[in-house]
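Please walk through the model below with the sequence at hand. The text starts at a strand pairing and then turns to charged side chains.

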Amino acid sequence: MTATRTTCAYCGVGCGIIANNGANGEVEIKGDPDHPANYGRLCTKGKTLGETLSLEDRLLTPMIDGKQASWDHATDLVAEKFKKTIAKHGPDSVAFYVSGQLLTEDYYVANKLMKGYIGSANIDTNSRLCMASSVAGHKRAFGTDTVPGTYEDLETADLIVLVGSNLAWCHPVLHQRIIDAKDTRGTKIINIDPRKTATSEMADVHLNIRPGGDVALFNGLLTAISNADAINAEYVKSHVNGLEDALKAAQKMDIPAISALTGLTPTQLSEFYSAWINTKRVVTIYSQGVNQASDGSDKVNAIINCHLATGRIGTEGCGPFSITGQPNAMGGREVGGLANMLAAHLDIENSQHRTVVRDFWDAPNLPSKAGLKAVDLFDACADGKIKALWVMCTNPAVSMPRANDVKAAIEAVDFVVVSDIVQDTDTTALADVLLPATGWGEKDGTVTNSERRISRQRSFLSPPHQTKHDWQIICEVAAKMGWGNAFNYEYPSEIFSEWAAMTKLSVDAQKDLDLTNLTNMHNNEYDDLPPIQWPVTADRSDTRFFANGGYFTADGKARMLPITPREPANVPSSEYPFILNTGRIRDHWHTMTRSAKSSTLSTHIAEPFLELNPADAERLNIKQAELVQVNSPHGYIILRTLITDRTQVGQVFAPIHWTSRWAACGRVDTVVTSVVDPVSGQPELKRTPISISHYKAKWFGFAVVKDEPFPTSGYWAKAKTHSGWRVEMATLTAPDDFEQFTRDQLGIKTAQAVTYSDIATGQNRIALSENNTLLGIMFGATNPVSLSRNFAIDAFDRNDEMDILAGFAGSKTFDAGPTICSCFNVGINTLVKLIASGKAATLEDIGANLQAGTNCGSCRPELMGLLQNHQPKIAAE
């Protein structure tokens, strides 16, 4: 096997991977034991990347109006349309919407083309949806978008506070580093989250704060720091401005008022404040629960205020820490991939910064003002202000709030280009021109993770068919628009070298970003570049920032801001009485264009769902696993209920991942509001008022089928299995002819049918086979189908028609049950059997027997729950 060291395609942890190419085309994925982000560990998603490399749904050739075209024809058309639009309507009539999954080299040339040569700042990114509030908070406090700490701080802190972060599911490898520190050195963990999550289960304390209560909570902490005489007066005097005003704002709220806003008791507040104040080494990790809010920037600064007041920043085991969601959101921030910034952490509003960027690029048309941020950009599309739009490596018709309105907005644009690796997405369906891009494993460049560590993504697969790298596509269009000399790159190393040289502008402007030691690398040096953390300077051994001040403001001091809790933009009403929270689940990613290709990743959760508190379910007369319709002023979705005390009364949660390819009505952002933070422009994705009602289905079905089905029933959701597909279905009226309905929905016309019907219970089962090989099975009922899905899938894989028609495992067959550990495919029944036998009393026992919980560890909270509930009963003597 040929081994290639590369970096994971998923979250912002930036794990190192070793990809081994086998002789038969298979790719084996392992964690890189030498990479400082993960030291060999991988989560389930990273481990299964080899399952996502098939070409079955790839966009492999340029397309114009749905028909194949040559590259010359396609890029000629793109260049011509953009040039004519700019000439007629001006540079602000065009826009790019890009992605935190682009490589830094892709991002750099896209930003250079739009801001330097087209002359507009209308380039924004899906990173606006995940970390723009952190950028705003950093810039307001530090003078630039600087992450102060490193991952090592998570292993040396004595207290870790997780705010709005389900780290166990969204960044599992980092969570395991923290759990290791907890086990080995007694690190305490406090989790602050409205939901009880997998992260909460492994924490010492879970504070189930009310949505929107973060500013009040941390203002209270700042007051408590002052009351306890815990302000680091020497640090503040030397390195911080604004303490007095920040304290004055914080002290306007007393404990009863904070308790009312946060939903936490005075005792909970007192204990949290005491723990934070009395522990010198504190890291406060925050993620989307903080950022994705209409007051997200204020939340960030309220957290930072507490670290600045105590001087707990930039030293070992201390500091505020924003954990990014995407693999290269940080790289995009560095090269200026947001509409309100220039490359190299320079400011678009600063005339001197604009001048040096213009001179460096020899750019003819640098804009003097910020461009349109994501929500405003698509509103401008709807209003007819954007006449030409280029979407790269993202799916805004699913991921943007008010997704139906965004879809209509894209449809309203005169000319739409989409570069992607997948041919059929909700967004590619709206394009005039499709440009086939390379994907992970084929791309070659760099990414920057959450701790400012640059890592190489290296190619170990050849670009398939006519696909090209994103930077190549952008440069080809730029050349045809007349700027070929400025985009005449032959290798990604040349782009990176130019970018590294550009960071001298940051150094000269007394900013933080310094890659100048990486300038003028030869191809072989670039190929061999090890993971490296910036600033890249010869004499800097500690890559933390701000232990001794040195902030990137005019006077070199940090700024504490006076923060006051704002009235929430979205409040429940009699018409929309529930608050919808949205987010990720453990084994899927964004809009599933990659993760849904892995059958392993769909074994844990294969269908969109709505978490609902038992008290709310009882009041609405909603039962477990029923289908419900969720409505907001922007649209509706249909989801399966998961009744659980993980959510508070009046609050619900739904995952963001499902698209129209994978479910009939599962695009959650259809109902999400687009209220934004006034500073960062980041939309509020955690707090949408909604209503819930029964989806009045009269018939329910579950099917397993060999070939991909394309169902048309009122509700459906499908996912890959190891040997085929699984489908959930429901209809508002029962099928008149069950067999014909099954054939139509599964796309099986001529196979032999064996059926089972029970008129009394309304149950039907059918097996369709050809030449003694099962092609499809369907279970139908007048209520949600009660059946072990994994049993049915396993029976289908075994071609066991009798077990399938019986509907349960026979005496010779064991039903492993729903998957708990995706890494090692361990089902709940297997785990319960082991625990009940007395052979497993701890997580270590389970790992020793079944390996479950020993890889990424994200299933460990569920394993702990099973250990607590299924220990063998010991008879009293």
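Which residue in β12 is the bridge partner of V163? The partner is Y286. The model in which this pair is found is a predicted one.

V163 and Y286 belong to a longer pairing: strand β8, residues 159-163, and strand β12, residues 282-286, are joined by five bridges and run parallel. Both strands are part of an open sheet of five strands, whose order is β10-β9-β8-β12-β13 and whose pairing is parallel. At its edges stand β10 (205-207) and β13 (319-322), each of which pairs on one side only. On average, neighbouring strands of the sheet are turned by 20° against each other, direction ignored. Helix α13, residues 266-277, lies across β8, β9 (188-192), β10 and β12, and runs at about 130° to β8.

The next topic is charge pairing. Side chains of opposite charge can pair when their charged atoms come close. A search of the whole structure gives 49 salt bridges. Three of these pairs are followed here, together with one network.

In the pair of K139 and D347, the closest N and O atoms are 2.9 Å apart. This salt bridge links distant parts of the chain: K139 sits in helix α4 (residues 132-142), while D347 sits in the loop between α16 (329-334) and α17 (351-361), 208 residues apart. Are the two partners buried or exposed? K139 has a relative accessible area of 21% and is therefore partly exposed, since buried means under 20%. D347, at 15% relative accessibility, counts as buried.

R544 and D153 meet through their side chains in a salt bridge of 2.7 Å, N to O. Because R544 lies in the loop between β19 (532-533) and β20 (558-559) and D153 in helix α5 (residues 152-156), the pair ties together parts that are 391 residues apart in sequence. R544 is buried, its relative accessible area being 12%. D153 also counts as buried, at 1% relative accessibility.

D426 and R667 form a salt bridge in which the closest N and O atoms are 3.7 Å apart. Here too the pair links distant parts of the chain: D426 is in the loop between β15 (415-420) and β16 (433-436), and R667 is in the loop between β25 (651-655) and β26 (688-694), 241 residues apart. Both residues, D426 and R667, are buried.

Finally, D57, K597, R661, E708 and K718 are joined into one network by salt bridges that share partners.

Technical notes:
Residues numbered from 1 in each chain as written. Predicted model: local features only at pLDDT ≥ 70, side-chain atom pairs only at ≥ 80, totals over all residues. Heavy atoms only, no water. Salt bridge = Lys/Arg side-chain N within 4 Å of Asp/Glu carboxyl O. Helix = DSSP H or I, 4+ residues; strand = E, 2+ residues; numbered from the N terminus. Buried < 20%, exposed > 50% of the residue type's maximum accessible area, 1.4 Å probe, protein only. Pairing = 2+ DSSP bridges. Axes fitted to C-alpha atoms, helices over the stretch in contact; angles between N-to-C directions. Contact = heavy atoms within 4.5 Å.
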